[in-house]
Amino acid sequence: RAALPYNQITGLTEYKGLVSVPVGVCFDPQEIQKTRVEQIVLSLKPFLLSRGKSRGTSRVIYDVSLNVEEKCDKLPFSVFFTDNVVRPSKAEITPQGLKISIQKVERVIADVAEDIVEYLSLSHLQNHILSIDDPSLHAQLQDVRNAMAVATSYNILVSVVNPDPASINLSYNLESGTRQYLEPFIRELGALARVTYQTQVIRYVRLPHMPVKSGDGFYLSETNLPHLINPIESKLGTSTTNDINLIIYLMEGKYKSLKIKTSQGQMKDVPSFLSPQFGAVLLYETTNKTEIDHSETFNVLLPQLKQLLGLKPTTSANVSLKENYQMKLRAAITHTLRSIDTLNSLIRLVDSIPNMVIGDHIADQVTSAVEGINKAQSALSNGDLEEALLHASLARDAAEKSFSDPSILALLYFPDDQKFAIYIPLFLPVGLPLIVAYLEIAKQWKKNKQKTD
């Protein structure tokens, strides 16, 4: 059996990771002096660290690293101190970053720290990370329940469903639509994961619940939406747990002004919905249309795809620097923690099966995973997210390969009781005659000895 780094793996059981989130601090030199900004940054740090500590038993602590910058236009997170704020008591989120009034800083600095933490969505990220150790959060928190599990690869399956090709005769334009709208989105994800996509057309699948007429339009009840997926799902042909489904269901022309009626009785104008950890469905109106307008479909589906990747609900189809950073940070932390859990499971497994043979290739994978975890943690604490994500992904791949190695799996399915069940029927027919013969020899020997005496 090859030696495993037991001490290093057991040391990871008490893992407490420090994640440094870099935030650029900008200001107008005509409004405030740089020395004053640096004083504000020093005053904010203890408040930010206390708010970065996770609830419960999380294995991660977040450190908001404020850095005074001359330009913040290329940073994922930026804070602008200014006097040019309409409502000084409120922090204002703009495309360039978070605007905070200098007056508010001087009055209630603790509230400023709260504004920054909310802007960074740290509580949103913490919920996802806490759910790794506390699965009950999936039932309690909608954003956690919606998101797909973090993986090193995803496959996006774009499906157009035509229930009646005879009456719904449209040009699908799937190839050009995905090339124009989905491929740029995938490129923006960068090193988040290996993302591929496929397209398909499904025909003759009808919904179990049809829209109900209401005035000049139609609506579907929100309570019936989960049931709409069942007949479609069996036709999708998905093969892995990392498949994300984007479904465009073509409605018959008679269903105009289609809406979704919520459980509160309100009408939702866009007839689309999210299915947790499965995908998104758009009920596409075809009245007076000769082709599918994919600028319209992907404008609805891509924001929902971002939710499936762990982001907050949004109406934007583009991936901002902030959102890209948040997705990568969630992935890097999750890969690191999952790698640790997998290695600890492997150690417990090896201890429970004394005769398990650990090959050199498995030991090399385990060592590689431990090194990747340490490098990822070092990069996270230094704020180097790209490096952290790279090493965390490699560590998770190595850890999972070592745990699911075929040489280990073969032993898992043959415990001692199963070995007895297999070998006893083979050896018992041979063993019984030998035992009977031995007993006869023993009897004969005993009789011969008595005669001799």
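How many of the five residues of strand β9 are buried? In this predicted model, the answer is four of the five, and the strand is mostly covered. Strand β9 covers residues 217-221.

**The whole protein**

Start with the overall picture. The secondary structure comes to 15 helices and 14 strands. The radius of gyration is 31 Å, while the globule rule gives 22 Å for 453 residues, so the protein is more spread out than a compact globule. The C-alpha trace spans about 120 × 70 × 40 Å along the principal axes.

Now look at cover and contacts. Of the 453 residues, 46% are buried. The accessible surface comes to about 23,600 Å². Carbon and sulfur atoms account for 53% of that surface. Take the contacts between residues at least 6 apart in sequence: 74% of them join residues at least 24 apart.

**The sheet around β9**

Strand β9 belongs to an open sheet of four strands. Their order is β8-β9-β11-β12, and the pairing is mixed. Strands β8 and β12 (267-268) stand at the edges. Each of these two has a single partner strand, so one side of each is left without a neighbour in the sheet.

Strand β9 pairs with β8 and with β11, as the table shows.

| Partner of β9 | Residues of partner | Bridges | Direction |
|---|---|---|---|
| β8 | residues 212-214 | three bridges | antiparallel |
| β11 | residues 258-261 | four bridges | parallel |

Which residues face each other across these pairings? On the β8 side, V212 stands opposite Y219 of β9. On the β11 side, L220 of β9 has I260 as its bridge partner. Also there, S221 stands opposite K261 of β11.

The link from β8 to β9 is a hairpin. Two residues lie between the strands. In the turn, G215 has a positive phi of about 65 degrees.

One general point helps in reading such a sheet. In a regular strand, side chains alternate between the two faces of the sheet.

**A nonpolar patch on helix α15**

Where does F420 sit? Its place is in helix α15, which runs over residues 416-452. Is F420 buried or exposed? F420 is exposed, because its relative accessible area is 55%, and the cut-off for exposed is over 50%.

F420 also helps to make a nonpolar surface patch of about 750 Å². The other residues in the patch are I424, L428, L432, I435, Y438 and L439.

Notes:
Residues numbered from 1 in each chain as written. Predicted model: local features only at pLDDT ≥ 70, side-chain atom pairs only at ≥ 80, totals over all residues. Heavy atoms only, no water. Patch = residues over 30% accessible without salt bridge, like charges linked within 9 Å, V, L, I, M, F, W, Y side chains within 5 Å. Areas by Shrake-Rupley, 256 points an atom, 1.4 Å probe, with all protein chains shown as cover. Salt bridge = Lys/Arg side-chain N within 4 Å of Asp/Glu carboxyl O. Buried < 20%, exposed > 50% of the residue type's maximum accessible area, 1.4 Å probe, protein only. Pairing = 2+ DSSP bridges. Rg over C-alpha atoms; globule rule 2.2 N^0.38 Å. Contact = heavy atoms within 4.5 Å.
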